[in-house]
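Subject: Structure handover

Hello,

Here is the structure for you to take over. Please open it alongside this note.

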Amino acid sequence: MKKLLALAVCVAMLVAMAGCNNAQPAAADGGEAFLPTTDTVTVDYQYKTADEVKAMIEAGDAMVILDIVPEESYKTGHLPGSIPTYAYPADTAELQTKLAPQLDTLKATEDPILVVCPGGGGGAKNTIAYYVHNGVPAEKLFILENGAKNWPYPEMLVTDDAAAASAPAAAETLGFAGEYVVNPQYVAEHMHDANVLLVDARGEEVAATGTVEGAIAVTWQMFASVADGASGDAMWGTILDTERLNAVLSSTGIAPEKEIIIFAGAQTGWGDEGRVAWELIAAGYPNVKMVDGGYEGLAAAGIPTAKGAAAFTPAQVSVQTIDETHVINTDALVAAYDSVKIVDVRAAEEYDGATLYGEAKGGHLPGSMNIQYTDMFNADGFLKSNAELTAMFEAAGLAKTDKIVTYCTAGIRSAYMQMVLEMCGFEDSLNYDESFYRWAASQEVE
């Protein structure tokens, strides 16, 4: 039993961060897409009886249990260690987006995968058709014969509360979770909520090649003082004063009453979503999220896409002050230098002296450590787990009691890392948004 529960909790946490590189059914251009179901995909379905499953659970045999029954049914009782998807009957593109986050993990596992639906019929078959169409070997997939409604051993079922009780310890080591991060499945479930505003932080030009349906497009520069002189000048590229910031927020319709969900390129980008989120949080916005996995993760998960961003819907925004709890400028950094630990999040070649973006000189801030922005991500573009990231930060020499300053070239990648540090418990962390552009122009470097 312990092996089964540990495996299932592990998989459940991993899928929250897993990308779905080839997931169907959504078409990238927003057109009609192929829907894999029992009517469109040929599969030789395999079954396991209740007695076979009972014996495997009691023996602690490794097995992934994927439960697609509706949420209310799942909460009344389910097999121990089940992964809930609420995708039943898995016969529409919207329902199949609930299956997409599990795809890469199911491809990778060598263990049998048991699909549980209410009656052991069409819903389970549609689910298996979806996974087979997207590359999960059919020989690994099984249907619980006669389904959840006819499970003959009710004493083995657990409630939602009992299942959740085993998750906290696993959450410490598996999957990324944080106040400011959501995954593609969350977006699929909430993108049409009235109070949600989707924001593509890659800008309109990139959004024209493909973005999430209904998302507006912005750039971090719209909220920063890039019109005030040139890179390297004092306070260039920092958060706009409230008067100008209110004008931009109002014209774009990014209002604090909304749940703001921001995405960009994740690992392949510059951390734009982190910088925009960091700016909005400093402006007092209470409900700001960035999407783990970025646009690539959203598209792979089957989120509807379109060519071009949605039009802005103006709103009346009145930010009164900027909270500088996680902000630091050059003068303040110089004054506090001996009491902070400084993290250079740029690539190793930049840290070692390459001038790639018009910096006044090469090198790094004296005594700074190099923890690269890209090191926070797995190969699939999703963030590493909280435990992995914490171990990485601590191995580099950081402690949760330290005052930590992050920087990059212009405070973009470093804003993303500051937020991740904060969510991992390194709460006294600040983003130096003047960053290396200003430091190289005004201070000594190593």
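Below is what was found, topic by topic.

This is a predicted model, where local features need pLDDT of at least 70, side-chain atom pairs count only at pLDDT 80 or more, and totals for chains, interfaces and linings use all residues. Residues are numbered from 1 along each chain as its sequence is written, and side-chain values use heavy atoms, with hydrogens and water left out.

**Sheets**

Helices (H or I, at least four residues) and strands (E, at least two) are DSSP runs, numbered from the N terminus. Two strands pair if DSSP finds at least two bridges between them.

One open sheet has five strands in the order β1-β5-β4-β2-β3, with parallel pairing. Its edge strands are β1 (47-48) and β3, each pairing on one side only. Within this sheet, β4 (residues 113-116) and β5 (residues 141-144) run parallel and share three bridges. Val115 sits opposite Ile143 in β5.

Another open sheet also has five strands, ordered β13-β17-β16-β14-β15 and paired in parallel. Here the edges are β13 (327-328) and β15 (369-370), and each pairs on one side only. Two bridges link β13 in parallel to β17 (residues 429-432). Val327 has Asn431 in β17 as its bridge partner. Strand β14 (residues 341-344) runs parallel to β16 (residues 404-407), joined by four bridges. Lys341 stands opposite Ile404 in β16. β14 also runs parallel to β15, through two bridges. There, Asp344 has Asn370 in β15 as its bridge partner.

**A loop to check**

Most residues other than glycine have a negative phi, and most peptide bonds are trans. The peptide bond between Tyr88 and Pro89 is cis, with omega about 0°. Pro89 lies in the loop between β3 (83-84) and α4 (93-96). Ala90 is in the loop between β3 and α4 too. Its phi is positive, near 55°.

**Helix packing**

Helix α12 (residues 272-282) packs against helix α17 (residues 413-423) at about 65°, with the axes 7 Å apart. Axes are lines fitted to C-alpha atoms, for helices over the stretch in contact, and angles run from 0 to 180 degrees between N-to-C directions. The two helices, α12 and α17, are therefore roughly perpendicular (65 to 115 degrees). α12 passes α17 in a left-handed crossing (the near helix is turned anticlockwise from the far one by less than a right angle).

**Second largest pocket**

A pocket is an open set of points on a 1 Å grid over the protein atoms alone, where a 1.4 Å probe fits, with protein on both sides within 12 Å along at least five of seven lines; lining residues have an atom within 4 Å of a point. The second largest pocket has a volume (the space filled by probe spheres set on the points) of about 320 Å³. Its lining has 18 residues. Which lie nearest the centre? They are Trp220, Gln221, Trp270, Asp272 and Ile412. By class, the lining of this pocket has 10 nonpolar, five polar and three charged residues. Asp, Glu, Lys and Arg count as charged, Ala, Val, Leu, Ile, Met, Phe, Trp, Tyr, Cys and Pro as nonpolar, and the others, Gly among them, as polar.

Best wishes

Key. Parallel < 35°, antiparallel > 145°, perpendicular 65-115°, else oblique.
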